[in-house]
Amino acid sequence: MSRTRQLISALRDALGSADPLPPPPPLPEIPPPPARVYTPRPERSPFAARAAHHTTALVGIGHVGTRYATDVVLQFQAELAVAHAAVAALLPDDWAAHNGFVALASRVTDHREFLLRPDLGRRLDEPSLQLLRTQCTRNPDVQIIVADGLSAVACTGSGKALHDAVARACQARGLSVGTPVCARFARVWLEDEIGQEVGAKVAMILLGERPGLGTGDGLSAYVVYDPRLGKTDGDRNMISNIHPRGTPIDEAAQRLAALAAAMIEQRTSGVSLDLARLGLAGERTPRPPQIRQRLVER
């Protein structure tokens with residue numbers, strides 16, 4: 001052995017490297033693995049089962065391990081597909097004329113532009129302005145507008161029925177209703193220009209609302225007093241989720257007519273409107289049981 005190796009070996013001995021290693025600590029007792037790594041899907045709790053009867057939301061869906069069950073995931077995907085289809089749908093060019101509406105259009109030129117440019121959906125194009133000025137009744141109490149919004153499916157499905165129901169409810173309260181109009185590629189604020197052009201006291205736009213999971217056929221109604229360009233969302237009142245599984249058409253029509261009448265009486269709308277004076281508070285009843293439509297079978 002070389003002199004260098006001898007010196008290094010002696011140094012290691014001096015530092016204690018030659019001492020025996022201490023005995024290893026005892027290993028903790030490890031329990032045997034369970035028979036099932038993932039427990040079976042638990043039964044829905046009584047509270048969740050009862051709550052689910054009063055909402056279309058997915059309540060108490062349970063889990064498998066740390067994840068959703070397969071049928072829940074498939075339901076999510078199917079409902080998302082319903083929402084995508086609703087947003088992608090187009091209002092047919094001849095739908096307005098076939099249903100007795102004056103056909104109007106915003107400044108949007110195609111569906112892609114409609115999704116990317118909300119500002120263009122808030123103003124009418126020039127041909128529509130001319131139609132509005134020549135074919136529509138002037139100075140009505142209420143001007144109702146049916147529009148596609150973000151769900152043409154909702155507009156074609158129940159737009160006319162809601163329009164007619166609201167018109168009847170307004171007339172029953174002694175309010176005059178303007179010429180039926182239908183706007184294509186429309187955003188909420190389009191009601192301001194339409195109402196201003198016809199000189200309406202109140203403008204009310206009924207349009208397809210942004211779809212939620214499993215709800216692509218819902219309408220929303222936005223109501224504004226003294227409609228004119230420059231109104232904000234704070235100047236409006238609205239009712240959403242008008243569809244068979246939400247607020248029924250007849251109920252929504254009565255509430256919208258009450259809103260319009262209150263706006264004319266109080267000469268305001270939005271956050272300054274005194275909703276307590278509408279006289280509908282005593283008519284509120286608990287929501288009836290709701291049934292969520294299953295799109296995927298187990």
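Biologist: What makes you say that the charged end of Arg-122 sits over the ring of Trp-189?

Modeller: A charge sits over a ring if NZ of Lys or CZ of Arg is within 6 Å of the ring centre and within 35 degrees of the ring normal. Arg-122 comes in at 4.7 Å from the centre of the Trp-189 ring, so the distance fits the cut-off. Arg-187 gets the same label, lying over the face of Phe-114 at 4.6 Å from the ring centre.

Biologist: What are these values based on?

Modeller: This is a predicted model, where local features need pLDDT of at least 70 and side-chain atom pairs count only at pLDDT 80 or more, while totals for chains, interfaces and linings use all residues. Residues are numbered from 1 along each chain as its sequence is written, and side-chain values use heavy atoms, leaving out hydrogens and water.

Biologist: How many aromatic pairs are there, and why is Trp-95 with Phe-101 called stacked?

Modeller: There are three aromatic pairs. The Trp-95 and Phe-101 rings have centres 5.7 Å apart and planes at 15 degrees, so that pair is stacked. The rule is that rings of Phe, Tyr and Trp (its six-membered ring) pair if their centres lie within 6.5 Å; planes under 30 degrees apart are stacked, over 60 edge-to-face, and the rest tilted.

Biologist: Then why is the pair of Phe-114 and Phe-185 called tilted?

Modeller: Phe-114 and Phe-185 are 5.6 Å centre to centre, with 35 degrees between the planes. That angle falls between the stacked and edge-to-face limits, so tilted is what's left. The pair also links distant parts of the chain, 71 residues apart: Phe-114 is in helix H5 (residues 111–116) and Phe-185 in the loop between E3 and helix H8 (190–198).

Biologist: How do you know whether Phe-114 is buried or exposed?

Modeller: Buried means under 20% relative accessible area, exposed over 50%, partly exposed in between (1.4 Å probe, protein chains only). Phe-114 has 2%, so it's buried. Phe-185 is buried too, at 8%. Over in the stacked pair, Trp-95 is buried at 10% and Phe-101 at 6%.

Biologist: What makes E4 and E5 a pair of strands?

Modeller: Two strands pair if DSSP finds at least two bridges between them. E4 and E5 have seven, in the antiparallel sense, so they qualify. One of the bridges joins Gly-208 to Leu-219 in E5; in turn, the partner of Leu-219 in E6 is Ile-242. E5 and E6 are antiparallel as well, over five bridges. E5 is mostly covered, with six of its seven residues buried.

Biologist: Which strands stand at the edges of the sheet, and why?

Modeller: Six strands form an open sheet of mixed pairing, ordered E1-E3-E2-E4-E5-E6. E1 (102–105) and E6 (236–242) each have a single partner strand, so one side of each lacks a neighbour in the sheet. The partner strand E3 pairs with E1 in the parallel sense over four bridges, among them Ala-103 with Cys-182.

Biologist: How do you know that H9 reaches close to its expected length?

Modeller: The expected span is 1.5 Å times one less than the number of residues. H9 (residues 249–266) has 18 residues and runs 25 Å from first C-alpha to last, close to the expected 26 Å. H9 is a helix in the DSSP sense: helices are H or I runs of at least four residues, strands E runs of at least two, numbered from the N terminus.
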